[in-house]
Amino acid sequence: MSNGPGHAEHVAWIRERLARGGYRSRTRTLAEIDERLASTGTTLERAIEQQLLRGGRPVAVLEIGFGWGPVLIELAWRFRDAPASFAGINLERKRPVRSADDLAAVAEALDLVPAERIAEFRAPEVHFYDATTLHFPNESLDLVYSAVTLRFVEDKVRVLEEVARVLRPGGRAILDLGERGWEYPAGPATDARHLTDHPSYLVLHHECQLVPLRDWFAFVGGERFTILVPPGRRCVMDLTRHAHGPLETGLMLDKPRTMLMRDLPAKPGDKPLNGVVRSVYEIAPDFMAAFARR
């Protein structure tokens with residue numbers, strides 16, 4: 001990638017915005033994202049290396065919600081000599097990244113690639129649309145990750161099903177779904193509307209009987225997928241595909257109970273969660289019957 005007309009001006013514009021502050025959520029580093037995903041026992045770099053070791057074809061990596069693209073840039077630069085391609089999706093197209101070419105300016109402004117080597121930087125693809133429908137063919141990606149975005153998505157399970165669809169057998173997805181309080185217990189709901197006082201961003205139930213996330217996703221993975229939700233402060237899903245076929249979750253979005261987290265009863269010390277959605281799902285009766293027989 002060459003430094004085209006306006007590159008220096010774009011770098012200056014980005015640095016000026018950074019000096020104002022307020023862009024941390026869009027400029028988290030690879031090390032910061034690895035810390036958020038740490039309960040899976042890997043780093044993104046190691047996860048890519050494991051995919052490369054499988055060999056036979058280039059490795060394709062996707063980030064859902066890339067912000068200004070710092071993690072994509074770091075990974076693309078680290079693996080610039082490897083048979084690997086990188087892509088990212090954001091919901092909206094806006095400055096400083098409106099096209100893949102803009103990532104070179106971000107790379108220089110954030111000091112992720114030495115200025116004298118920007119011409120060597122191969123920018124990842126970038127796309128702008130809703131992640132509930134991924135514009136990738138079936139079984140076309142090897143690693144999908146998301147670290148900040150899914151908390152803002154109403155239909156989180158739809159994104160999960162799409163991620164499972166686009167993974168190749170042997171592919172892996174690492175998805176951050178929320179923060180503290182996600183490990184609510186099995187049993188009767190404690191409130192008809194809110195179901196549980198645990199501040200989980202994702203809640204599953206059948207006729208107001210709560211089903212823990214870890215138990216349900218381990219069950220519905222079946223033989224095609226291994227789906228782990230490791231213990232930890234953060235709710236991070238670690239999904240590996242083994243065989244062809246869709247992921248059938250047995251979950252239907254419970255729209256009346258799905259709400260913004262700010263609409264839940266607040267506790268002393270709670271931080272405001274602007275835009276964060278609690279996604280609630282009703283478990284289909286036939287799936288629940290099979291789960292009870294397992």
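Of the chain's 294 residues, 51% count as buried. This is a predicted model, and its secondary structure adds up to eight helices and 13 strands. The radius of gyration is 20 Å, close to the 19 Å that the globule rule gives for 294 residues, so the chain is as compact as a globular protein of that length. Laid along the principal axes, the C-alpha atoms fit a box of roughly 60 × 50 × 30 Å. As for the contacts with a separation of 6 or more, 74% of them link residues 24 or more positions apart. The accessible surface comes to about 13,600 Å², and carbon and sulfur atoms hold 52% of that.

Next, the helices. Helix 6 spans residues 156-166, and eight of its 11 residues are buried, so this helix is largely enclosed by the rest of the structure. The buried set takes in K156, V157, V159, L160, E162, V163, A164 and V166. Charged side chains turn up in that list too, with K156 and E162 counted as buried.

Helix 7 (residues 213-221) and helix 8 (residues 285-293) make up a packed pair, with their axes 11 Å apart and an angle of about 95° between them. That angle makes helix 7 roughly perpendicular to helix 8, because anything from 65 to 115 degrees falls in that class. On the helix 7 side, the residues that meet the partner are D215, W216, F219 and V220. Helix 8 brings F287, M288, A290 and F291 to the contact. Sorted by class, the contact has seven nonpolar residues, no polar ones and one charged residue. The charged one is D215, from helix 7. As background to the spacing of such residues, an α-helix has 3.6 residues a turn, so residues three or four places apart point the same way.

Finally, a look at one loop residue. D254 sits in the loop that runs between strand 11 (251-253) and strand 12 (259-260). Is D254 buried or exposed? With a relative accessible area of 9%, D254 is buried, because the cut-off for that class is under 20%. Setting aside neighbours within four places in sequence, D254 is in contact with H205, V280, Y281 and E282. The partner E282 lies 28 residues away from D254 along the chain, yet their C-alpha atoms are separated by 5.8 Å.

Key. Residues numbered from 1 in each chain as written. Predicted model: local features only at pLDDT ≥ 70, side-chain atom pairs only at ≥ 80, totals over all residues. Heavy atoms only, no water. Axes fitted to C-alpha atoms, helices over the stretch in contact; angles between N-to-C directions. Helix = DSSP H or I, 4+ residues; strand = E, 2+ residues; numbered from the N terminus. Parallel < 35°, antiparallel > 145°, perpendicular 65-115°, else oblique. Contact = heavy atoms within 4.5 Å. Buried < 20%, exposed > 50% of the residue type's maximum accessible area, 1.4 Å probe, protein only. Rg over C-alpha atoms; globule rule 2.2 N^0.38 Å. Areas by Shrake-Rupley, 256 points an atom, 1.4 Å probe, with all protein chains shown as cover.
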